[in-house]
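Trainee: Could we go through this structure slowly, so that I learn how each word is earned from a value?
Mentor: Gladly; ask about each word as we come to it.

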Amino acid sequence: MSSLFTEVSAEPPSDVPVRRVTVTVNGDERTVEVEPRLLLAHLIRSGFKLTGTHTGCDTSNCGACTVLLDGEPVKSCTVLAVQADGSEIMTVEGLAGPSELHPLQEGFKDEHGLQCGFCTPGMLMASKALLQRNPDPTEDEVRWALSGNLCRCTGYQNIVNAVLWAGEKLRADGGTQEEAT
Amino acid sequence: MTLDEIKIGGLGASRRRVEDDRFIRGKGNYVDDIVLPDMLHMEILRSPVAHARIKSIDVSKAWEIPGVRLVLTGEMMAARNLAWMPTLSYDTQAVLATDKVRFQGQEVACVIADDPYIAKDGCAAIVVEYELLPAIVNPEQALGSDAPTIRDDKQNQLDNVIFDWEVGDKSGTDAAFDQADLVSKIEMHYPRSHPSPIETCGSIADFDRATSKLTVYMTSQAPHIIRAAVAMVAELPEHMIRIVSPDIGGGFGNKVPVYPGYVASILASILLERPVKWIEDKSGNLISTGFGRDVYLKGELALRNDGKILGVRMNTTSDHGAFFSDAQPSKFKIGLMHSAFACYDIPTAHLTARGVYTNKAPGGVAYRCSFRVTEAMYFQERMVQAAADDLGMDQAAFRRMNFVRDDDFPHRTAFGFLTDSGQYAKCLDVGLEAIGYEDFLVEQAEAKKQGRLLGIGISTMTEPLGAGNSKEYDILGIKMFDSAQLRVHMSGKAILRTGAKSQGQGHETTWAQIVAHELGIPAEDVVVEEGDTDTAPFGMGTYASRSTPVAGAAVAMVSRKIRAKARKLAAHLLEASEEDIEWELGRFYLRGDHDRGVTIQECAMAAYSNMPDGMEPGLENTSYYDPPNLTWPFACYITTVEIDPSTGVWDVLRVVAVDDCGVRINPMIVEGQIMGGLTEAYAMANMQFITFDEEGNCIGGNYMDYLLPTAWETPGFELHEVVTPCPHHPIGAKGIGECATVGGPAAFVNAVMDALKGHDVRNIDMPLLADRVHEAIVDRTDVSGIPPIKVG
């Protein structure tokens, strides 16, 4: 992170406290100074410019902001950035390399598991967490695992099909070792 | 060799969606993803109370917060003649309150700051002193003799009535009722619901003083209407306004109106000469932006003993909130409510409608709906079921007997619409066969003996999609046509732009399929762009399932214009006269010599490199399409349920949907729309509603109080189809996006009511929450309306 110049604020230093936070995001270690009240979702979106993580409801109901924190799905709108210090974070941008697709991404496209796309990153991350702990889920297990993520477009049936599709592909590829980050 | 239309992604191909490639990677471009240099952030301070006079607003503490750049109040808006704005229904709406607040959540002030956290701090520092007034939370209160006048800002408004409107034949209908063997009556309420896309509303206004150009990135389903509205409200010249709708995270009608936040962000950008971003939070979205429904019905059917419906009488009272801002064709005050009973052959009908102001958020938007058809079809199908019960007739047989017959088209409905096609009885039969109707009735009777409550609900309906034709349908005088512009490059690849705007419907995929069908250019060679008023041709946008009926038709028509020119180029290349040129998909050839031909791509190259003398170069055109009529899809939804009599909880056993939306462009996408629509139907029947306590506090202002179905409770769906092509649409397609949301709720409610047959229960109003169903079972009584919730 170099820049040719850094503007020094002309305003007097404010009394807003600042905390230093180091996280690994999609494999890259990043250190930032944040206000203690900054939400992880906003650090990811505005700080790291990873806008695939969406904020939908601010109350941890819709799940559009779901990311993996040390391999576990969390709703990043209800996690403070400072709470993530020292953690590994995976966002939708980290699911696969730039020219590749994760089987879940393929599955969502092939099974028409998305329409407006706004809930999709959260659905993908929640699904990834499910397949990590349960590589061969039943339809009911998929529905239960995704019950913290709202979708207004699809009616869920195709999302469920997409996750089952991805699970099958991962198992066929011997990908049951699907690992966290 | 003839092209395989499915292989090139033409009509009927379940082509995988183009837009998915960015969405699955987290590379969508929603409004909140856009960051402009030097951008500021705006937050809105909202009224905590439903009805109050504003005594004072003290913003001084907000100004003291470092990083606050501007505080806007109603007074400042008024100084610029911007305190009020026109609505899409010829009313006015406060941008920022000056005199009174009229609903909880109304916009009172805005703070613009370096980041959204500081802007929120600024809002928290504003002190507003309110003098409380009685809150009016339902039409009954609004029409009471001692009710305060909510809209005392309007001269000549002395009560809370917005309109009294009627349609149909009163005397003819009265006569039909006089001759009836039986009159079936039912009253019900369609509760207030919020479309609630997961993405809220938002805008980034960017005024450039140097060029005087205003660019607004915003969540709008209808960017061209917004441009016209901004020109009107802000008194800016239209050519200096550019509205850009980027990717939209769901709309469902919520993102059609003009909201105060958009207007305030524009003024802030003009004053500060910096980009200003406003992203609404979820509560702001749920409590202040366009709700749907909230209509009370008194319905009556005049019946002959053999089951023939002789006449329909409907009386509606609708609660529009504090400002009449329904987004609907201006001529029809209660939307297309009078499309009710369009699928039934009924001699005469009469509808009276009254709209009232209350201290609730404004709206009455077409929530996945063509302007009140959702209420119309729900009322219709509940009335039909009640009538069948009153007659002691089988509900399927009663419907079949009253359907408009296949050979009766075109058919003028009792309310004056012209339906043009359909195979209603066939759809019903497909549905009954799929659900195993006769077997279920046996199973139901057996279960009843064991004290189990099984029910089957049917909902059949045709609805008017694709406003309009311009003679009848306009919004604020602007005719409801739509448009497409197609530019074919020299390589035969193309770019298509339309006046519609996808919010998940998949236009980037399906429009290219129409071009592929008309021109034989593979769909993957056509890029589709929408939402930028500087580049897209003028159109009325995407809502009310009008994209395929109107903009989709324009895509076909512009493709045909391109083909007509390409034919001249082909004649030139083949050194033949145009009359001797034949067309097959993707290729012109010489009549009688199939091998001598040129492809559409070769014609495209010739348009830039080898055109005949006198021909204008290039291969590009625009079509504005004014449909001759609405399209009339038909649907039959059948659900089965089981109620647990000890709790009132009802489980959905099966859902069968038979949709006839004419020719399907992309069957995969059509089925996706139907499943999404069924889910919203299930939601409204089961859980999704917004209510208010007696002080006007909104109950349902967040996702903990406003329940939306998750993957866990949403049932699975079984989809079937019948295809009756639309006779006037260029490719025979009809609208589909909203059908299941419109027709679906009655299927669920009818199923529950069917299960309660013999319990002396005629109606339970939606949502059929377990406690309401339980109350009906125990008390053997109807459960009506949504009473105000008591405070304390």
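Mentor: Helix α19(B) is followed by B:R780, whose phi is positive, near 50°. This is a predicted model, in which local features need pLDDT of at least 70 and side-chain atom pairs count only at pLDDT 80 or more, while totals for chains, interfaces and linings use all residues. Residues are numbered from 1 along each chain as its sequence is written, and chains are lettered from A and ligands numbered from 1 in the order in which they are written.

Trainee: What makes α19 of chain B a helix?
Mentor: Helices are DSSP runs of H or I with at least four residues, strands are runs of E with at least two, and both are numbered from the N terminus; α19 of chain B covers residues 770-779, so that it counts as a helix under this definition.

Trainee: Which residues of α19(B) are buried, and why are they said to be on the same side?
Mentor: The buried ones are B:V773, B:A776 and B:I777. They cover an arc of only 95° around the axis, and therefore lie on the same side of α19(B); the arc is that of the directions from the helix axis to the C-beta atoms. On the other side of α19(B), B:D771, B:V778 and B:D779 are exposed. The cover over the buried residues includes β30 (634-643), β31 (650-660) and α18 (739-755) of chain B.

Trainee: Why is B:F341 called buried or exposed?
Mentor: A residue is buried if 20 or more other C-beta atoms, placed from the backbone, lie within 10 Å of its own, exposed if 12 or fewer do, and partly exposed in between. B:F341 has 30 other C-beta atoms within 10 Å, and so B:F341 is buried. Its phi is near 70°, a positive value in a residue other than glycine, and B:F341 is placed in the loop between β16 (309-319) and β17 (348-356) of chain B.

Trainee: And is B:E235 buried or exposed?
Mentor: B:E235 has 10 other C-beta atoms within 10 Å, and is therefore exposed. Phi of B:E235 is near 50°, again a positive value in a residue other than glycine, and B:E235 lies in the loop between α7 (223-234) and β13 (241-244) of chain B.

Trainee: How do you know that strands β1 and β2 of chain A pair?
Mentor: Two strands pair if DSSP finds at least two bridges between them. Seven bridges join β1 (residues 19-25) to β2 (residues 28-34) of chain A, and these strands run antiparallel, so they pair by that rule. A:V23 stands opposite A:R30 in β2(A). The two strands form a hairpin with two residues between them, and A:N26 in the turn has a positive phi of about 50°.

Trainee: What is meant by saying that residues of chain B are in contact with residues of chain A?
Mentor: Two residues are in contact if their C-beta atoms, placed from the backbone, lie within 7 Å, and 43 residues of chain B are in contact with 42 residues of chain A. On the side of chain B that touches chain A, α17(B) gives the most, with six residues.

Trainee: Where does chain B have cis peptide bonds, for example?
Mentor: One of them joins B:M766 and B:P767, with omega about -5°, and B:P767 is found in the loop between α18 and α19 of chain B. A cis peptide bond also joins B:F409 and B:P410, where omega is about -5°.
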